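Thanks for coming. I will walk through one model, a few places at a time, so please have the sequence and the structure open.

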Amino acid sequence: MAPSSSRAFSSIPDAVIVGTGLSGLVAGRILHNAGLDVELLDTRTRVGGRCLTASVGPNNVACDLGAAWHWEEHRRVAQLAEHLGLERIRQYEPGPEGPEAIRETDAQEPVERVPWPETPPPSWRIAEGIQTIHRRLADTLPDGAFRFDHRVVSLRRTDAHLGVVAETPSGRVTVLTSTVILALPLRIASRIVYAPPLADSVMDHLASRPAWMSHSAKVAVTYNRPFWRERGLAGRVKSTAGPVHDWHDNTTPDGDAALVGFMHPPGPGSPTPTDAEERRDRVVRQLVHCFGEEADGITGYAEHDWTRDRATTPPSGSESDPDEEPQPVPALQKPQWDGRLHFAATETADEHPGFLDGAIEAGTRAATAVEHRLIRRGMG
Ligand SMILES: Cc1cc2nc3c(=O)[nH]c(=O)nc-3n(C[C@H](O)[C@H](O)[C@H](O)COP(=O)(O)OP(=O)(O)OC[C@H]3O[C@@H](n4cnc5c(N)ncnc54)[C@H](O)[C@@H]3O)c2cc1C
């Protein structure tokens with residue numbers, strides 16, 4: 001996969017996919033495999049969307065700062081990983097009989113070592129990081145099918161074409177096509193200008209569905225060795241003191257030690273400082289409080305705050321509710337504009353909306369509908 005500049009873009013593509021997260025890439029691969037000419041636009045300069053794998057510390061440990069895990073019932077993720085030849089690793093988790101976890105309720109009081117109350121359902125992550133899935137999918141598409149740094153702002157329908165209008169560093173461009181798949185967060189889709197306008201009910205559905213987990217920020221740290229395991233600890237912390245409310249062990253099967261955690265969103269009234277250096281200091285101090293002085297010796301640090309990432313969370317909107325899992329939205333599974341405009345973000349899936357698995361389902365549903373429509377039209 002190469003940046004868009006390597007292609008002339010002289011012909012009109014059969015389909016334009018907006019968004020190169022998992023749903024957009026899955027859709028792109030299906031349409032390309034069906035022999036259709038497809039272009040993928042993204043406002044970012046990378047594929048992956050809400051999946052972001054950082055290489056942290058001197059050993060470049062793959063740490064997922066967005067989505068990381070899939071569970072037994074997320075069979076589409078497991079199948080895709082297998083198809084792409086990617087190794088899955090089982091998450092190291094405590095259970096009632098296993099290594100202990102840490103409970104931290106007050107930064108000034110000693111922490112408690114606790115047996116984990118229940119056996120967690122098994123979960124897996126991708127050994128080289130979740131974003132490897134996106135890179136591998138992108139590699140199956142032609143060089144030049146991608147246009148990065150293209151922020152789509154409006155869609156215009158005429159009898160002959162759809163026009164996808166995007167802001168780029170060199171000004172506005174319009175890409176003509178016959179079909180569009182919007183594989184981007186629904187609240188961002190609600191800010192696109194549609195001409196002619198979509199029904200109010202559709203716009204309301206789009207506007208009222210934040211990207212799942214967009215309330216979240218993640219942090220990763222690496223160490224020379226997983227010293228907590230030597231002390232019978234699982235690397236799992238549950239904290240109400242912060243700045244991180246949940247820590248998980250991200251150590252590799254080769255023993256490269258890492259922890260990843262979910263931070264309380266920064267801001268007024270929250271325990272997470274907004275200043276980056278102060279935040280990092282507080283994170284390390286929390287780890288020392290939980291695991292002892294040895295935790296001071298981090299070898300690497302990375303973080304990503306999704307609440308401030310405008311390609312996931314548009315400004316002046318509330319983020320997702322941490323306690324609420326998205327529900328299917330049948331109205332958004334129906335194409336608009338006589339089958340020429342489809343929504344494919346994970347939040348439109350029937351099964352596991354909001355999750356990686358939902359993104360695969362939604363991208364597959366939209367691409368299959370487009371394929372049938374375009375191939376039927378071609379034959380008719
Ligand atoms: C912190 C965090 C943790 C998570 N943990 C898990 C987990 O453990 N397991 C799990 O299953 N799921 C998890 N998720 C959810 C998972 O990340 C999503 O289900 C999945 O990545 C969504 O894929 P998508 O393609 O639907 O959307 P996205 O990944 O959001 O992709 C949308 C794409 O649209 C692009 N875009 C946005 N606006 C525009 C525009 N105007 N013009 C052009 N392009 C645009 C974006 O740049 C992006 O590439 C987590 C998410 C977060 C944020």
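Arg 187 is found in helix α4, which covers residues 186–189. This is a predicted model, so everything I quote is computed from it. Is Arg 187 buried or exposed? Its relative accessibility is 8%, and because buried means under 20%, Arg 187 counts as buried. What does the side chain reach? It goes to the backbone oxygen of Ala 207, at 3.5 Å.

Next, the overall layout. The domain assignment gives two domains, and both are made of separate stretches of the chain. Domain 1 takes 4–49, 133–212 and 313–379. Domain 2 takes 53–67, 93–123 and 215–308. Taken over C-alpha atoms, the centres of domain 1 and domain 2 are 34 Å apart.

Now to strand β1, residues 15–18, where Ile 17 is found. Ile 17 has 0% relative accessibility, which is why it counts as buried. Which residues does it touch, once neighbours within four places in sequence are set aside? The contacts include Gly 24, Ala 27, Gly 28 and Leu 31, then Val 38, Glu 39, Leu 40 and Leu 41, and further along Ile 181 and Ala 183. For Val 38 there is also a backbone distance: it sits 21 residues from Ile 17 along the chain, and their C-alpha atoms are separated by 7.4 Å.

On to the ligand. How many residues surround it? The shell has 36, and the closest are Asp 42, Arg 50, Trp 69, Gly 354 and Leu 356. Three elements each supply at least two residues of that shell: α1 (22–33), β11 (151–157) and α9 (356–379).

For those of you setting up poses, here are some backbone distances. Arg 50 places a backbone N or O atom 2.8 Å from an oxygen atom of the ligand. Ala 68 does so at 3.3 Å, again to a ligand oxygen atom. With Val 152, a polar backbone atom is 2.9 Å from a nitrogen atom of the ligand. As for cover, the ligand taken alone exposes 1000 Å², and the protein buries 99% of that.

β11 also takes part in strand pairing. It pairs with β12 in the antiparallel sense over six bridges, and the two form a hairpin with four residues between them. Arg 157 stands opposite Leu 162 in β12.

β12, residues 162–168, is in turn joined to β13, residues 171–177, by seven bridges, and those two run antiparallel. The hairpin between β12 and β13 passes through two residues. Thr 168 stands opposite Gly 171 in β13, and the bridge partner of Glu 167 is Arg 172. Why call β12 largely enclosed by the rest of the structure? Six of its seven residues are buried, so the description follows from that count.

Last, another sheet. It is open, has three strands in the order β5-β9-β6, and pairs antiparallel. β5 (70–71) and β6 (88–90) stand at the edges with a single partner strand each, so one side of each is left without a neighbour in the sheet. Two bridges join β5 to β9, residues 123–126. One pair there is Trp 71 with Ser 123 in β9.

That is my list; I will take questions now.

Methods
Residues numbered from 1 in each chain as written. Predicted model: local features only at pLDDT ≥ 70, side-chain atom pairs only at ≥ 80, totals over all residues. Heavy atoms only, no water. Domains from an automatic or database assignment. Buried < 20%, exposed > 50% of the residue type's maximum accessible area, 1.4 Å probe, protein only. Contact = heavy atoms within 4.5 Å. Pairing = 2+ DSSP bridges. Near = heavy atom within 4 Å. Polar contact = N/O pair within 3.5 Å; in protein donor to acceptor, adjacent residues only side chain to side chain. Areas by Shrake-Rupley, 256 points an atom, 1.4 Å probe, with all protein chains shown as cover.
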